[in-house]
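Student: I would like a close look at one part of this structure, the place where the two chains meet. Could you walk me through that part and then show me what lies around it?

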2 protein chains.
Amino acid sequence: MNRISFAIVKESLSAILLRLGFSQTRAAACARLFAEASCDGVASHGLGRFPRFVAMVRNGVVDPVAEAEKVTGLGALERWDGRRGAGNLNAQAAMGRAIELSREHGVGWVSLGNTNHWMRGGSYGWQAAEAGVIGICWTNTMPNLPPWGGSEPVLGNNPLVMAVPRSKGHVVLDMAISQFSYGALAGYSQRGELLPVDGGFDEAGQLTRDAAAIERTERPLPIGCWKGSGLAMLLDMIAATTALGLATHQIPADSLRETGLSQVFIAVNPAALGEAQKLDQIADEIVASVHGSRPAEAACKLRYPGEQTLRLRKENMQLGIPVDPVIWKEILSI
Amino acid sequence: MNRISFAIVKESLSAILLRLGFSQTRAAACARLFAEASCDGVASHGLGRFPRFVAMVRNGVVDPVAEAEKVTGLGALERWDGRRGAGNLNAQAAMGRAIELSREHGVGWVSLGNTNHWMRGGSYGWQAAEAGVIGICWTNTMPNLPPWGGSEPVLGNNPLVMAVPRSKGHVVLDMAISQFSYGALAGYSQRGELLPVDGGFDEAGQLTRDAAAIERTERPLPIGCWKGSGLAMLLDMIAATTALGLATHQIPADSLRETGLSQVFIAVNPAALGEAQKLDQIADEIVASVHGSRPAEAACKLRYPGEQTLRLRKENMQLGIPVDPVIWKEILSI
């Protein structure tokens, strides 16, 4: 891994996006989201994903000039059309609108249809927390997860994000509903490592920690087996019905053609409930109760979601973002 | 199992609640929620839980005359105080208020603190769906789940409910964040059966399907391991901070003293977004895609969350609710 400064990464991506037809402002905002994902340690949805994003602008799936717009709404609830624009910019706009709504109505709920992959979901959780509000959002995806008891991927792994603002460090959960992503499975199988827990089914229909076997059967495990299977279905159903957009089973199962996603963005403004200091104190005490609890093994350090992110972000802003030289060369050649 | 008609079950419970100090109306409503849980096949949170509920009225944890009331709010967002009243009536009132708010603001969000165990969480999902709105709600619980990497239960299994209305049958997910409840573990260990999947850790710190071993270590598994651990923490944090109520680590870890819970009730009114028929069609198509997908084994029937409930409810309304004679005798002797 090389380390490259945040500013150079962001400028390099921005210059490419400008050439692809993004406006100056939108190129900068889109580049920043990619750079931030890598800076926060999520290169898989940062620089690692950028070449595919460029390919999807070039193949016409992502429209560089389309901006999300409101279709209809009532009070705190709005439906937006993503118009097949850049997924991360659309998601940022939708969470931004939910935050605005929460200032006026206490809560904001924006359902966004007809959009593209939002890259790192956590970005919109951090966005809400940095605005001082609680954020919840999720997206559907192309079919990549069989329901419990099934062998055909008709559900998506539908990442779910929850964020709580806290002055000592926001708490941000960003998780897909599969136990391991295909990217994670590929990493384990390439390194010849067993998964730490069962991740799916092998050819004999048995639960297994063999990542390569799961890649072959295409039967990764939903978190909690039947529970995650139901959760993935409900997240899809709520997103698609409120966005009046596509459901997972209608989304092309091709990573270069995955489009028309449905997403939900919720913001809750705790200031509307008064006693914002108390919120901070309650969140701190929950963090402290986990930090102070007995680890299973002496070496275990118990962490809250987002804790690692803050540490990595600080380190990478100082030392430069770790960049895979192969991917960086590919990006520079675009 | 004996079968007893819904009406007799409800009347019997109602008569007991009247004697305990509930008003006529509230005794009937509370009895109905218990009877419905058993009728829907969730006896563990219906009749099976009634004797403990009575004990908690008698020991002063549940106040039979206290009603939840609004503390503060802005627009679509309200904070309510449950005043340590009956948890199921408080939850029903809070979801009822969220539904009302959603009629006016598109969305309603009610955070309820200082309340008691809500019994069957699914009840409030069905309530929302029957009112034609999407419902999401969750509760924290007493500490009963160690965080991932920990051996001390400082998290709760925090049941999460999501419901989507659908004219051919509402879709209602009702799940705790642990892979198996302690009640389920007890069932497996009493029957001497292995769990169908790993459910926690044994004394050697290894994942196991041996329910009795997990009962001994008190280390059940969160769904998705580190993922469910993070999810349980965020659900607790959002509930406690918006309700300004107790967090899991502050709730007495004693099933007869578990009180002061924090809960969230969200309703979204799809009619505010227009095209309610389209909602139905989208939900139907998602159900059809799961029903029509390839099962892992020929005998598997793929189902959506809530599908079994409808079948059972119909059967039990016709034939009577299956009632454990030991529990029924205990109830009649109250």
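Tutor: Here is a walk through the meeting of the two chains, followed by some helix pairs inside them.

Please keep in mind that this is a predicted model. Its scores are ipTM 0.98 and pTM 0.98. For chain A the mean pLDDT is 96, with 100% of its residues at 70 or more.

Let's start with the contact itself. On chain B, 69 residues are in contact with 69 residues of chain A. Several elements of chain B each supply at least two residues of the side that touches chain A. Among them are the strands E2 (69-74), E3 (77-81) and E4 (107-115). Strands E6 (160-164) and E7 (171-175) also belong to this group. So do the helices H4 (87-105), H8 (226-243) and H9 (276-291) of chain B. Of the side of chain B that touches chain A, H8(B) gives the largest share, with twelve residues. Sorted by class, the residues on that side of chain B are 40 nonpolar, 19 polar and ten charged.

Now, how are the two chains related? A turn of 180° with a shift of 0.0 Å along the axis lays chain B on chain A, with an RMSD of 0.0 Å. That is why we can speak of the relation of a two-fold axis. The same surface serves both copies, as 100% of the contact residues of chain B recur in chain A.

Next, let's follow one of the elements from that contact into its own chain. Helix H4(B) packs with helix H5 (residues 122-130) of chain B at an angle of about 30°, and their axes are 10 Å apart. That angle makes H4(B) roughly parallel to H5(B), and the crossing of the two is right-handed. From H4(B), the residues Asn88(B), Ala91(B), Gln92(B), Met95(B) and Ile99(B) take part, and they meet Ser123(B), Tyr124(B), Gln127(B) and Ala128(B) in H5(B). The contact of H4(B) with H5(B) holds five nonpolar, four polar and no charged residues.

Another pair to look at in chain B is helix H1 (residues 6-19) with helix H2 (residues 24-39). Their axes come within 8 Å and cross at roughly 135°, which makes H1(B) oblique to H2(B). The crossing of H1(B) and H2(B) is right-handed. You can find this contact by looking for residues of H1(B) such as Phe6(B), Val9(B) and Leu13(B), among others, and for residues of H2(B) including Ala27(B), Ala31(B) and Phe34(B). By class, the contact of H1(B) with H2(B) has twelve nonpolar residues, three polar and two charged.

Finally, turn to chain A and look at its helices H1 (residues 6-19) and H2 (residues 24-39). These pack at an angle of about 135°, with their axes 8 Å apart, and that makes H1(A) oblique to H2(A). H1(A) passes H2(A) in a right-handed crossing. Among the residues of H1(A) in this contact are Lys10(A), Ser14(A), Leu17(A) and Leu18(A), while H2(A) brings residues including Gln24(A), Arg32(A), Ser38(A) and Cys39(A). The class count for the contact of H1(A) with H2(A) is twelve nonpolar, three polar and two charged residues.

Key:
Residues numbered from 1 in each chain as written. Chains lettered and ligands numbered in written order. Predicted model: local features only at pLDDT ≥ 70, side-chain atom pairs only at ≥ 80, totals over all residues. Contact = placed C-beta atoms within 7 Å. Helix = DSSP H or I, 4+ residues; strand = E, 2+ residues; numbered from the N terminus. Nonpolar A, V, L, I, M, F, W, Y, C, P; charged D, E, K, R; others polar. pLDDT = per-residue confidence, 0-100. Least-squares fit on C-alpha atoms with pLDDT ≥ 70 in both. Axes fitted to C-alpha atoms, helices over the stretch in contact; angles between N-to-C directions. Parallel < 35°, antiparallel > 145°, perpendicular 65-115°, else oblique. Left-handed = near helix turned anticlockwise from the far one by under 90°.
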